[in-house]
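Biologist: Could you walk me through how to read this structure?
Modeller: Gladly; let's look at it together.

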Amino acid sequence: MFSKFKKKMKDPAFKKKFWIYTAVIAIFWAKMSFVQGGIFTLDVENANEAAILAFNPLSSIFLLFGVGILLAGRKGLLGMYILGSILLYVNVLFYREYHDFLTIPMLGQAANLAGLGGSITDILSVTDIFLFIDIFAAVFLLFYLKPGRLQSFLPKRKEGLILAMIAIPLFLVNLGWAQTERTELLQRAFDRNMLVKYIGVLNFHAYDIVLQGQTEAKKTFADSNALAPVLNYLNEKETEPNRDMTGVAEGKNVIAISLESTQTFVVDNTLNGKELTPYFNDLKEEGAYFSNFYHQVKQGRTSDSEFMLDNSLYGLNRGAAFFTHAGNEYQATPEVLGEEGYTTSSMHANDETFWNRNVMYDSLGYDKFYSKEDYNVTEEKSYGWGYLDEYFFSESLEKMEEMDQPFYNKMITLTNHHPFTLPEDKKFIEEGNTSSETLNRYFQTIRYQDEALKQFVEEFKKSDLYDDTILVIYGDHFGISENHQRAMGEYLDKDINEYEQFQLQRVPLLMIGEGIEPQEHDTVGGQIDLRPTIMNLLGVEDENPIQFGQDLFSKDRREMMITRDGNFANEKYVGVNGNCYERETGEKVESEQACAPGFKEAEEELALSDSVVYGDLLRYLDEIKMIEEKDSSDKKKE
């Protein structure tokens with residue numbers, strides 16, 4: 001074969017074509033290497049990983065270009081070059097915003113892009129044009145010949161097939177090499193940073209297509225038997241709720257306030273001697289404040305936090321259940337409380353289609369969704385992402401005062417959202433002085449949100465609702481991503497390692513109402529625990545056994561919080577990316593066994609929750625209950 005190749009290289013036309021192919025492949029490889037190594041933060045730890053990162057673009061490039069030639073010759077090759085460049089760039093933008101990679105389910109959420117506005121422009125950079133200059137080089141190499149001389153370079157379909165076939169051994173070498181660093185790599189689909197580091201961003205997208213096919217099959221082939229391992233697991237983990245707290249808020253209204261992009265590090269903290277959240281700092285003395293409460297969202301962001309609040313199921317690792325599984329059967333908080341005589345609603349002054357809420361809320365059992373069209377949204381009252389929080393709170397309180405009671409109402413704020421901009425007259429504190437403009441502006445929007453919250457709560461206290469309502473105030477997800485670690489370190493005056501970054505995922509949780517003793521709780525918990533906690537306070541017998549959270553007030557609850565990445569925090573340890581740390585001190589624990597049970601439990605629990613959502617298993621609950629009732633009846637007869 002090599003001698004045949006040498007003979008072909010003596011042909012000037014073949015030789016020219018070979019070197020043009022080589023040049024085009026080399027240019028695209030250089031771009032991929034720059035993006036993967038220079039823009040994505042993939043934590044390359046040693047020379048072997050660096051070599052894998054340099055090698056892994058090749059198989060995807062050969063496959064991409066080979067398919068292009070097979071489909072349309074030279075034009076197909078250029079088309080695939082442009083398509084690959086666009087896919088790379090979309091991932092660059094997505095990564096800047098979310099520190100994550102695009103997945104197929106996220107493509108279904110394209111409707112959300114219409115509302116991004118300033119966020120999109122904020123993540124664009126003038127220097128991004130350099131990521132497309134290489135296309136002109138590819139055009140020159142492929143099309144510079146005059147029409148009369150093209151015959152010698154018309155790519156043959158056979159050559160496209162050869163390129164595509166070469167991709168297979170290249171990928172197998174890549175995968176085998178990668179597994180010398182990380183065994184069972186393809187089983188770690190939740191860790192997209194790791195997958196991209198080892199197999200490359202384009203190969204990751206090919207793998208994502210395979211995962212999507214598996215996902216679609218799960219619902220098709222699921223049956224009621226798939227509920228058995230879920231129920232067995234939850235029965236083993238079940239703990240008794242705090243009976244002293246059961247029913248202390250029986251018959252009362254519930255107002256759950258989701259604070260946009262609010263992290264715990266701002267609480268009791270200052271900027272240039274001024275408190276960032278002065279009102280919340282005082283308000284938390286009036287209720288049960290949880291200082292070790294974490295968000296557990298992934299690509300679904302705010303919708304993930306809503307999903308956990310209402311279902312006590314984990315959000316998905318890829319995409320958002322609000323989009324991908326809005327047609328599932330749920331026995332969610334609004335539906336259960338509706339059967340108890342509650343009026344249920346959600347309030348968010350954004351488009352009703354954002355995160356597919358207008359569809360998903362019907363599935364969850366909400367009676368009413370107050371969206372943008374239900375508010376007096378004007379240009380004067382809007383900025384950045386839309387309706388300013390102070391006006392949203394004011395109008396929402398008026399609406400609640402007209403509601404039939406008891407009611408369950410969820411409010412989702414908007415202003416403290418990336419890119420964190422405000423009109424000048426709403427800036428109650430100066431910008432920060434860190435190396436991140438995003439973090440610098442975040443201080444101002446978090447301060448504004450606190451002022452808007454103050455206005456709402458103080459007006460709420462004067463209303464007739466106050467004595468008959470419990471307030472649940474919580475942060476929905478992080479506002480400052482890992483991309484701003486250096487700036488966070490400057491502000492907090494500490495190095496932000498992976499342990500510190502994990503701790504920054506804590507969000508505030510405050511519950512206020514009659515029967516809820518003012519006290520700070522340091523129990524470890526997360527958004528998955530909100531539903532069972534609220535239901536116990538209301539004294540509602542929740543008959544849905546498929547819930548992964550536990551009452552936060554329970555005296556014998558398992559102190560365990562699992563993130564969507566498979567990391568965890570418990571009473572003693574924090575497990576991050578396979579590493580183990582003392583939770584209180586942040587000291588690294590060398591013993592691999594200390595955190596091994598936690599990682600194993602996290603993996604099992606996430607898989608079981610996913611099986612419920614992907615298989616739409618809650619549709620079989622009534623069938624399971626009927627079987628259990630029949631068995632119970634038969635035993636009594638015996």
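**Reading the core and a helix pair**

Modeller: Keep in mind that this is a predicted model. Its largest nonpolar core holds 78 residues, and those touching the most other members are Val-472, Leu-509, Leu-538, Ile-546 and Phe-548. Helix α22 supplies the largest share of this core, with seven residues.

Biologist: What is the general idea behind looking for such a core?
Modeller: In soluble globular proteins, nonpolar side chains tend to be buried together. Here, Phe-548 is a good place to start: leaving out residues up to four places away in sequence, its contacts include Val-230, Tyr-233, Leu-234, Ile-528 and Leu-608. Arg-558 and Glu-605 are also among the residues that Phe-548 touches.

Biologist: Is Glu-601 buried or exposed?
Modeller: Glu-601 counts as buried, because its relative accessibility is 17%, under the 20% cut-off. Glu-601 sits in helix α22, residues 596-614. Beyond four places in sequence, Glu-601 touches Tyr-233, Lys-237, Arg-558, Met-560 and Ile-562.

Biologist: And how do I read a pair of packed helices?
Modeller: Two packed helices are described by the angle between their axes and the distance between the axes. Take α4 (residues 57-98) and α8 (residues 157-178): they pack at about 160°, and their axes lie 7 Å apart. That angle is why α4 is roughly antiparallel to α8. The α4 and α8 crossing is left-handed.

Biologist: Which residues in α4 and α8 meet?
Modeller: Among them are Leu-58, Phe-62, Gly-66 and Ile-69 from α4, and Arg-157, Gly-160, Leu-161 and Phe-171 from α8. The residues of this α4–α8 contact comprise 14 nonpolar, four polar and one charged.

Technical notes
Residues numbered from 1 in each chain as written. Predicted model: local features only at pLDDT ≥ 70, side-chain atom pairs only at ≥ 80, totals over all residues. Heavy atoms only, no water. Axes fitted to C-alpha atoms, helices over the stretch in contact; angles between N-to-C directions. Helix = DSSP H or I, 4+ residues; strand = E, 2+ residues; numbered from the N terminus. Parallel < 35°, antiparallel > 145°, perpendicular 65-115°, else oblique. Left-handed = near helix turned anticlockwise from the far one by under 90°. Contact = heavy atoms within 4.5 Å. Nonpolar A, V, L, I, M, F, W, Y, C, P; charged D, E, K, R; others polar. Buried < 20%, exposed > 50% of the residue type's maximum accessible area, 1.4 Å probe, protein only. Core = buried A, V, L, I, M, F, W, Y, C linked by side-chain atoms within 4.5 Å.
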